[in-house]
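Hi everyone, thanks for making time. I'd like to walk you through a structure that's probably new to most of you, so let's get it up on the screen.

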Amino acid sequence: RLRFRSSGTIVFVCGGFRFIALTVTMNLGISYENDRNIIEKILKKVKRACLVSNSIQADVNIESVITVV
């Protein structure tokens with residue numbers, strides 16, 4: 001199970017709006033506690049390779065919550 005939630009802060013600059021901060025929270029349900037370490041390693045790679053956060057000029061915070069379901 002994977003769910004995403006995002007929120008952002010925008011400001012009015014030079015006649016238009018622009019994001020200055022974004023937070024993306026991923027809630028991931030895993031079947032086995034033993035999978036937690038590999039999932040955490042994958043999520044670190046996801047954070048570095050995120051197309052959105054690498055393409056915009058805003059502070060992007062990517063959070064993850066991993067639970068065993």
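Let me start with a question: which residue in S2 is the bridge partner of Gly 8? Have a look while I remind you that this is a predicted model. Okay, it's Leu 22.

That pairing belongs to a bigger picture. Strand S1 covers 2–13 and strand S2 covers 16–30. The two run antiparallel, and 12 bridges join them. Together they make a hairpin, with two residues between the strands. If you zoom in on the turn there, you'll find Cys 14, which has a positive phi of about 50°.

Now follow S2 across to its other partner, strand S3, residues 59–68. Here the pairing is in the parallel sense, over 10 bridges. One spot to click on is Ile 30, which stands opposite Val 68 in S3.

Keep Ile 30 in mind, and let's go inside. What makes up the largest nonpolar core? There are seven residues: Met 26, Leu 28, Ile 30, Ile 39, Leu 43, Ile 62 and Ile 66. Three elements give two or more residues each to this core, namely S2, helix H1 (36–49) and S3. S2 gives the most, with three residues. So Ile 30 turns up twice in this story: opposite Val 68 in S3, and as a member of that core.

Right, from the inside to the surface. Ile 10, Phe 12, Phe 17 and Phe 19 form a nonpolar patch out there. Together they have about 480 Å² of accessible area. Both strands of the hairpin are involved, since S1 and S2 each supply at least two residues of the patch.

Two of those patch residues deserve a closer look. Is Phe 17, which sits in strand S2, buried or exposed? Its relative accessible area is 64%, and because anything over 50% counts as exposed, Phe 17 is exposed. Phe 12 counts as exposed too, at 54% relative accessibility.

And these two phenylalanines have something going on with each other. The count of aromatic pairs comes to one. The pair is Phe 12 with Phe 17, and the ring centres are 5.1 Å apart. Why do we call it edge-to-face? The planes sit at 70°, and over 60 degrees counts as edge-to-face.

That's the tour: hairpin, parallel neighbour, core and patch. Thanks, and I'm happy to go back to any of the views.

Notes: Residues are numbered from 1 along each chain as its sequence is written. This is a predicted model: local features need pLDDT of at least 70, side-chain atom pairs count only at pLDDT 80 or more; totals for chains, interfaces and linings use all residues. Side-chain values use heavy atoms; hydrogens and water are left out. Patches are made of residues with over 30% relative accessible area and no salt bridge: like charges are joined within 9 Å, nonpolar side chains (Val, Leu, Ile, Met, Phe, Trp, Tyr) within 5 Å. Accessible areas come from the Shrake-Rupley method with a 1.4 Å probe; for residues, only the protein chains shown count as cover. A salt bridge is a side-chain nitrogen of Lys or Arg within 4 Å of a carboxyl oxygen of Asp or Glu. Helices (H or I, at least four residues) and strands (E, at least two) are DSSP runs, numbered from the N terminus. Buried means under 20% relative accessible area, exposed over 50%, partly exposed in between (1.4 Å probe, protein chains only). Two strands pair if DSSP finds at least two bridges between them. Rings of Phe, Tyr and Trp (its six-membered ring) pair if their centres lie within 6.5 Å; planes under 30 degrees apart count as stacked, over 60 as edge-to-face and the rest as tilted. A nonpolar core is a set of buried Ala, Val, Leu, Ile, Met, Phe, Trp, Tyr and Cys residues joined through side-chain atoms within 4.5 Å.
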